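Please open the model in your viewer and follow the stops below in order. Each stop suggests a selection and then describes what is found there.

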Amino acid sequence: MNIKILTPESVIFEGEVDSVLLPGKNGEFHIMKNHAAVVSSLEGGKIKLFTKSVGEEYQKYFTKEKEKDALYTFPLVSGVVEFSNNKGIILCE
């Protein structure tokens, strides 16, 4: 599935991921391939991308949490996510 993460300054990630774990207003939720369409607000926490690599151009924005599971995180103050048809856009600050 394809995820694009945007901040007011720039695109901080665009690429294929296995799944993404997001901090929603009512708790964390996990979006995986073929997930139902969703639009949700996000609150402070971490965006967690499960992927083999975030790409060289995006590495400066992410912290690699687990070597084995290829988990990359990005700190989030607030934002929104829209996901449908295996494509997601996350707008965040």
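Begin by selecting T7, which sits in the loop that links β1 (2-6) to β2 (11-16). This is a predicted model, and the mean pLDDT of the chain is 94, with 97% of its residues reaching 70 or more. Is T7 buried or exposed? T7 is buried, because its relative accessibility is 16% and the cut-off for burial is under 20%. Apart from neighbours within four places in sequence, T7 is in contact with I12, F74 and C92.

Next, colour the chain by confidence. Among the elements, β1 has the highest mean pLDDT, 98, whereas strand β7 (residues 63-66) has the lowest, 84.

Now select I5, I47, L49, F62 and I90. Within the largest nonpolar core, which has 24 residues, these five touch the most other members. Strands β1, β2, β3 (19-24), β4 (27-32), β6 (45-50), β8, β9 (79-84) and β10 (87-92) each supply at least two residues of this core. The largest share, 3 residues, comes from β8.

Keep F62 selected and display its surroundings. Leaving aside residues within four places in sequence, F62 is in contact with I5, I12, F13, L49, V54, Y72, T73 and F74.

One of these contacts of F62, T73, is the next selection. T73 belongs to strand β8 (residues 71-76) and is buried, with a relative accessible area of 4%. Which residues does T73 touch, beyond those up to four places away in sequence? They are K46, I47, K48, Y61, F62, T63 and E65. With E65, the side chain of T73 makes a polar contact of 2.8 Å. To relate T73 to a distant part of the sequence, select G45 as well: the two are 28 residues apart along the chain, and their C-alpha atoms are separated by 9.7 Å.

Finally, select strand β3. All 6 of its 6 residues are buried, so β3 is largely enclosed by the rest of the structure. S19, L21 and P23 point one way from β3, while V20, L22 and G24 point the other way.

Add β4 to the selection. β3 and β4 run antiparallel and are joined by 6 bridges, forming a hairpin with 2 residues between the strands. Within this pairing, L22 has F29 of β4 as its bridge partner.

Then show β6, which pairs with β3 in the antiparallel sense over 3 bridges. Here L21 of β3 has K48 of β6 as its bridge partner. K48 is also among the residues that T73 touches.

Notes: Residues numbered from 1 in each chain as written. Predicted model: local features only at pLDDT ≥ 70, side-chain atom pairs only at ≥ 80, totals over all residues. Heavy atoms only, no water. Helix = DSSP H or I, 4+ residues; strand = E, 2+ residues; numbered from the N terminus. Buried < 20%, exposed > 50% of the residue type's maximum accessible area, 1.4 Å probe, protein only. Contact = heavy atoms within 4.5 Å. Polar contact = N/O pair within 3.5 Å; in protein donor to acceptor, adjacent residues only side chain to side chain. Core = buried A, V, L, I, M, F, W, Y, C linked by side-chain atoms within 4.5 Å. pLDDT = per-residue confidence, 0-100. Pairing = 2+ DSSP bridges.
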